[in-house]
Amino acid sequence: MDVAIVTNAVVAAVSVITVGVSVFFALRQLRLSQSANHTLVAIELLTRDRMSDAFLDSQQFVLTELRVACPPGAPVSELPAEARRHVNRIALYYNGLGQMLAFRVVEPALLLGAGGVRAREAWAVLEPYVLAERAVRGDGYLSHFEHLVVLATEVSWPATARKLGLRRFGHYPAEVGLAPAATAVPAGPSVDGTTTSPAR
């Protein structure tokens with residue numbers, strides 16, 4: 001009688017352990033699948049949208065023409081339609097990247113290495129317009145965009161380059177005018193195609 005009870009207890013315990021292990025690996029597989037999906041979304045945002053003519057036109061306008069065309073104290077919602085369209089395209093793009101950072105759905109180094117430099121440049125121009133809009137809408141407006149820029153400012157490009165394991169040539173032609181790699185801080189082309197310099 002005691003043997004039968006012990007045997008049943010062992011069988012039940014083994015069954016519970018088997019189910020637990022199966023659930024663990026199923027959840028782990030689900031998390032890996034979700035992570036892969038999030039990474040694909042990030043890559044889609046970082047490549048397709050940013051390489052479109054519309055995005056590049058909006059980026060050019062924001063970085064070089066917006067401050068001349070519109071007074072910096074104006075809220076985004078009060079900008080002329082064409083300017084507002086350009087601003088929204090750039091701001092919402094970087095806000096989306098900031099959301100992925102905030103919810104930790106993708107490796108931060110991927111986003112910061114690919115979009116950090118341009119995000120800082122865009123924020124430097126857009127900040128007064130964003131703050132004016134927050135006075136109307138509230139502090140949550142484009143808060144993820146600001147989150148992205150804060151992290152991009154705190155984490156220097158050399159640190160990101162080291163984390164990504166980016167390689168450099170040992171030397172450059174003298175006529176290029178670049179310092180030898182042995183004495184230079186890591187710098188180089190970012191994923192978005194811009195040439196980045198060491199943070200100062």
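The expected span of a helix is 1.5 Å multiplied by one less than its number of residues. With this yardstick one may turn to helix α5 of the present model, which is predicted. A straight helix of 30 residues would span 44 Å at 1.5 Å a residue, yet α5 spans only 28 Å between its end C-alpha atoms. The axis of α5 also bends, by about 60 degrees, at G115. Helix α5 covers residues 108-137, and G138, just after it, takes a positive phi of about 120 degrees.

The setting of this helix is the protein chain as a whole. The chain has seven helices and two strands. Read from the N terminus, its elements follow the order α-α-α-α-α-α-α-β-β. Of its 200 residues, 31% are buried. Among the contacts with a separation of 6 or more, 72% join residues that lie 24 or more positions apart. The accessible surface of the chain amounts to about 12,300 Å², and carbon and sulfur atoms account for 62% of that surface.

Confidence should be considered before the details. The average pLDDT of the protein chain is 78, and 68% of the residues score at least 70. Over residues 181-200 pLDDT stays under 50, although the model has 41 contacts beyond four places in sequence for this stretch. Where pLDDT is low, the predicted coordinates should not be read in detail.

The bent helix can now be related to the elements that follow it. Where in the chain does A152 lie? A152 belongs to helix α6, which comprises residues 143-154. Its relative accessibility is 3%, and because buried means under 20%, A152 counts as buried. Setting aside neighbours within four places in sequence, A152 is in contact with L112, G116 and R120. The C-alpha atoms of A152 and G115 are 8.6 Å apart in space, while the two residues are 37 apart in sequence. G115 is also the residue at which α5 bends.

A second pairing involves helix α7, which consists of residues 157-164 and contains P158. P158 and G113 are separated by 45 residues in sequence and by 9.8 Å in space, C-alpha to C-alpha. With a relative accessibility of 6%, P158 falls under the 20% limit and therefore counts as buried.

Farther along α5 one reaches E133, which is found in the same helix as R137, four residues away. What relative accessible area does E133 have? The value is 1%, so E133 is buried. Apart from neighbours within four places in sequence, E133 is in contact with P75, V76, S77, G138 and Y141. One of these, G138, is the residue with the positive phi just after α5.

The side chain of E133 also takes part in a salt bridge with R137, with an N to O distance of 2.8 Å. Because E133 and R137 are four residues apart in helix α5, about one helical turn separates them. The two partners differ in exposure: E133, at 1% relative accessibility, counts as buried, whereas R137, at 58%, counts as exposed. The limit that applies to R137 is 50%, since exposed means over that value.

The salt bridge between E133 and R137 belongs to a count of four in the model. Helix α5 holds another, in which the side chains of E121 and R118 meet at 2.6 Å, N to O. E121 and R118 are three residues apart, about one turn of the helix. E121 has a relative accessibility of 35% and therefore counts as partly exposed, the class that lies between the limits for buried and exposed.

Helix α4, residues 81-102, offers a further example, for E82 and R85 both lie in it, three residues apart, about one turn of the helix. E82 forms a salt bridge with R85, and the closest N and O atoms are 2.4 Å apart. E82 counts as partly exposed at 45% relative accessibility, and R85 likewise counts as partly exposed, at 34%.

Taken together, these details centre on α5. The helix bends at G115, and A152 of α6 is in contact with L112, G116 and R120. Toward its other end, the buried E133 meets the exposed R137 in a salt bridge.

How values were computed
Residues numbered from 1 in each chain as written. Predicted model: local features only at pLDDT ≥ 70, side-chain atom pairs only at ≥ 80, totals over all residues. Heavy atoms only, no water. Buried < 20%, exposed > 50% of the residue type's maximum accessible area, 1.4 Å probe, protein only. Contact = heavy atoms within 4.5 Å. Bend = angle between axes of the 7 residues up to and from the residue. Areas by Shrake-Rupley, 256 points an atom, 1.4 Å probe, with all protein chains shown as cover. pLDDT = per-residue confidence, 0-100.
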